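Visitor: I am new to this structure. Please show it to me, and let me ask how you know what you say.

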Amino acid sequence: MTKVFGVDRLLANNRAWAEEVERTKPGFFAHLAQQQTPGYLWIGCADSRVPANEIVGLEPGELFVHRNVANLVQHGDLNGLSVLQFAVDVLKVKHIIVCGHYGCSGVRAALQDMRLGVAEHWIRPVRDVCERHRHELDILPTESARVDRLCELNVMQQVRNLCRTPILQDAWRRGQKLAVHSWVYGLEDGLVRPLGPVVAGLKSLDELGASYLMRGAF
């Protein structure tokens with residue numbers, strides 16, 4: 001049997017996958033093409049080891065996904081904010097999940113103050129998180145532990161940023177049901193771990209207090 005290399009392999013995989021899906025779920029693609037109605041927006045890292053749909057067991061069409069290096073939510077990122085607004089205002093998602101992962105290379109680069117060219121400007125906010133929590137990170141026994149803790153702190157900072165966007169603030173003010181979740185994914189065991197409380201509106205955001213949501217936000 002001839003081996004298929006390069007992108008031809010991907011095309012062959014695609015054909016096999018599409019045929020298998022249609023065989024086991026007749027009409028799946030015809031139904032999917034009509035309309036997307038996902039209940040969730042996933043904001044995650046671009047790392048190839050973190051396949052959003054697969055790790056939470058959702059089918060195509062059930063999860064609206066935005067990914068970037070180190071799962072950041074930045075007020076100047078028009079791409080990310082456009083995805084957010086479309087998800088909230090048009091798709092009416094009920095849940096937004098900010099999911100980082102342990103061992104994140106972008107977070108590690110921020111911790112080690114590595115020079116990365118253009119990417120260095122992108123991860124600058126992670127370095128800011130690192131500096132704000134330097135006292136906590138420095139007492140951890142290993143670099144791996146420091147990286148993983150910074151991954152958690154970074155997720156929580158991105159949730160702060162997300163909850164302070166006018167997009168979410170306006171949605172909550174008009175009574176839209178929308179909950180924000182902070183998660184971290186373990187590459188070594190495949191498990192997702194919730195980090196902070198769920199933020200489900202302006203009231204819950206206020207109740208969480210300055211220590212979780214307000215410091216260092218937009």
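Visitor: At what angle do the axes of H4 and helix H10 cross?

Guide: This is a predicted model, so every value here is computed from it. The axes of H4 and H10 (residues 166-173) cross at roughly 15° and come within 10 Å.

Visitor: What makes H4 roughly parallel to H10?

Guide: The cut-off for roughly parallel is under 35 degrees. The angle is roughly 15°, so H4 counts as roughly parallel to H10. H4 passes H10 in a right-handed crossing.

Visitor: Why is H5 called oblique to H7?

Guide: Helix H5 (residues 105-112) and helix H7 (residues 124-132) pack at about 60°, with their axes 9 Å apart. Roughly parallel needs an angle under 35 degrees, and roughly perpendicular needs 65 to 115. An angle of about 60° fits neither, so H5 is oblique to H7. The crossing of H5 and H7 is right-handed.

Visitor: Now the sheet. In what order do its strands stand?

Guide: The order is E2-E1-E3-E4-E5. These 5 strands form an open sheet, and the pairing is mixed.

Visitor: What makes E2 and E5 edge strands?

Guide: E2 and E5 each have a single partner strand, so one side of each has no neighbour in the sheet. From one strand to the next, the twist averages 25°.

Visitor: How do you know that E3 and E4 are paired?

Guide: Pairing takes at least two bridges. Strand E3 (residues 95-101) and E4 are joined by 7 bridges, so they pair. E3 and E4 run parallel. His-101, for example, has Tyr-185 in E4 as its bridge partner.

Visitor: How many bridges join E4 to strand E5?

Guide: E4 and E5 (residues 192-194) share 3 bridges and run antiparallel. At least two are needed, so E4 and E5 pair as well. Val-184 has Arg-193 in E5 as its bridge partner. The hairpin of E4 and E5 has 6 residues between the strands, and Gly-190 takes a positive phi near 75° there.

Visitor: Which way do E1 and E2 run?

Guide: E1 and E2 run parallel, joined by 6 bridges. Trp-42 stands opposite Val-65 in E2.

Visitor: What makes E4 mostly covered?

Guide: In E4, 7 of its 7 residues are buried. Side chains in a regular strand alternate between the two faces of the sheet. On one side of E4 are Ala-179, His-181, Trp-183 and Tyr-185, and on the other Val-180, Ser-182 and Val-184. These residues are all buried, and both faces of E4 are covered.

Visitor: How many aromatic pairs does a search of the whole structure find?

Guide: The search finds 4 aromatic pairs. In one of them, the rings of Trp-42 and Trp-183 have their centres 6.3 Å apart.

Visitor: Why is the pair of Trp-42 and Trp-183 called edge-to-face?

Guide: Rings pair when their centres lie within 6.5 Å, and planes over 60 degrees apart count as edge-to-face. The planes of Trp-42 and Trp-183 stand at 80°, so the pair is edge-to-face. Trp-42 lies in strand E1 (residues 40-45) and Trp-183 in strand E4 (residues 179-185). The pair links parts of the chain 141 residues apart.

Visitor: How do you know that Trp-42 is buried?

Guide: Buried means under 20% relative accessible area. Trp-42 has 1%, so Trp-42 is buried.

Visitor: Why is the pair of Phe-64 and Phe-86 called tilted?

Guide: The angle between the planes is 35°. Stacked needs under 30 degrees and edge-to-face needs over 60, so the pair is tilted. The centres are 5.8 Å apart. Phe-64 lies in strand E2 (residues 63-68) and Phe-86 in helix H4 (residues 78-90), so the pair ties together parts 22 residues apart in sequence.

Visitor: Is Phe-64 buried or exposed?

Guide: Phe-64 counts as buried, at 16% relative accessibility. Phe-86 has 36% and is partly exposed. Trp-17, Phe-28 and Phe-29 form one aromatic cluster.

Visitor: Why is there no bond between the sulfurs of Cys-104 and Cys-45?

Guide: A disulfide needs sulfur atoms within 2.5 Å. The sulfur of Cys-104 is 4.0 Å from that of Cys-45, so the two are too far apart for a bond. Cys-104 is buried, at 1% relative accessibility. Cys-130 is in no disulfide, and its nearest cysteine sulfur, that of Cys-151, is 11 Å away. The count comes to 0 disulfides.

Methods: Residues numbered from 1 in each chain as written. Predicted model: local features only at pLDDT ≥ 70, side-chain atom pairs only at ≥ 80, totals over all residues. Heavy atoms only, no water. Phe/Tyr/Trp six-rings, centres within 6.5 Å; stacked < 30°, edge-to-face > 60°. Helix = DSSP H or I, 4+ residues; strand = E, 2+ residues; numbered from the N terminus. Buried < 20%, exposed > 50% of the residue type's maximum accessible area, 1.4 Å probe, protein only. Axes fitted to C-alpha atoms, helices over the stretch in contact; angles between N-to-C directions. Parallel < 35°, antiparallel > 145°, perpendicular 65-115°, else oblique. Left-handed = near helix turned anticlockwise from the far one by under 90°.
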